[in-house]
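Trainee: Got a minute to go through this one with me? Let's keep it short.

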Amino acid sequence: MSAPDRLSRPQISLVGEVNDNMCAILMDSLAAPDGEGDVVIEITTPGGDAETARRMVLEIDLARERLGRRIVFLGKTIVYSAGTTIMG
């Protein structure tokens, strides 16, 4: 799937407050993302727990290494506070 197509159909969608539930969704989704090529994560969040965001960053870094794939973020509507930590 080409990059523009991948952006129009992200494999992982994170919506809401950054908390343990969002972290669990991310970890489950990163276990076996669909398709090949880039893994696109869309995120919309007003922010949330900073420690959970740092944990999510660690999980994303580990997934990059394990999958050998580029992970791309797509911020939708709003991405504040802890959400920007995740995208960093």
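Mentor: First, the vocabulary: helices (H or I, at least four residues) and strands (E, at least two) are DSSP runs, numbered from the N terminus. This is a predicted model, where local features need pLDDT of at least 70, side-chain atom pairs count only at pLDDT 80 or more, and totals for chains, interfaces and linings use all residues. Residues are numbered from 1 along each chain as its sequence is written, and side-chain values use heavy atoms, with hydrogens and water left out.

Trainee: Okay. How many helices and strands does the protein have?

Mentor: Four helices and three strands. Along the sequence they run α-β-α-β-α-β-α.

Trainee: And why call it as compact as a globular protein of that length?

Mentor: Its radius of gyration is 12 Å, close to the 12 Å that the globule rule gives for 88 residues, so it is as compact as a globular protein of that length. That radius is taken over C-alpha atoms, and the rule is 2.2 Å times the number of residues to the power 0.38. The C-alpha trace spans about 35 × 25 × 20 Å along its principal axes.

Trainee: Now the sheet. What order do the strands take?

Mentor: The order is β1-β2-β3, in an open sheet with parallel pairing. β1 and β3 (71-79) are at the edges with a single partner strand each, so one side of each has no neighbour in the sheet. From one strand to the next, the twist averages 15°. Pairing here needs at least two DSSP bridges between two strands.

Trainee: How many bridges join β1 and β2?

Mentor: Four, between β1 and β2 (residues 39-45), in the parallel sense. Leu14 has Ile43 in β2 as its bridge partner. Ile12 is bridged to Ile41 in β2. From β1 the chain passes through α2 to β2, a right-handed β-α-β crossover.

Trainee: Right-handed by what test?

Mentor: Point the strands away from the viewer; the crossover is right-handed if the path from the first strand over the helix to the second runs clockwise.

Trainee: And how many bridges for β2 and β3?

Mentor: Six, again parallel. Val39 stands opposite Ile71 in β3. The chain goes from β2 through α3 to β3, and that β-α-β crossover is right-handed.

Trainee: Back to β1. Which of its side chains are buried?

Mentor: Ile12 and Leu14 point to one face and are buried, while Ser13 and Val15 point to the other face and are not. Buried means under 20% relative accessible area, exposed over 50%, and partly exposed in between (1.4 Å probe, protein chains only). Buried residues are 36% of the 88.

Trainee: Which residues touch the most others in the largest nonpolar core?

Mentor: Leu14, Leu26, Ile41, Met56, Ile60, Ile71 and Ile86, out of 19 residues in that core. β1, α2, β2, α3, β3 and α4 (82-87) each give at least two residues to it. A nonpolar core is a set of buried Ala, Val, Leu, Ile, Met, Phe, Trp, Tyr and Cys residues joined through side-chain atoms within 4.5 Å.

Trainee: What does Ile86 touch?

Mentor: Leaving out residues up to four places away in sequence, Ile86 touches Val18, Ile43, Ala53, Met56, Val57, Ile60 and Phe73. Contact means heavy atoms within 4.5 Å. Across the protein, of contacts between residues at least 6 apart in sequence, 83% join residues at least 24 apart.

Trainee: Switching again. Where is Gly16?

Mentor: In the loop between β1 (12-15) and α2 (20-31). At 24% relative accessibility, Gly16 is partly exposed. Beyond residues up to four places away in sequence, Gly16 touches Met22, Thr44, Thr45, Pro46 and Gly47.

Trainee: Any odd backbone angles? What is the phi of Thr77?

Mentor: Positive, about 60°, though Thr77 is not a glycine. Most residues other than glycine have a negative phi. Thr77 lies in strand β3, and its 79% relative accessibility makes it exposed.

Trainee: And where does Ser81 sit?

Mentor: Ser81 is in the loop between β3 and α4. Ser81 also has a positive phi, about 45°, and is not a glycine.

Technical notes: Axes fitted to C-alpha atoms, helices over the stretch in contact; angles between N-to-C directions.
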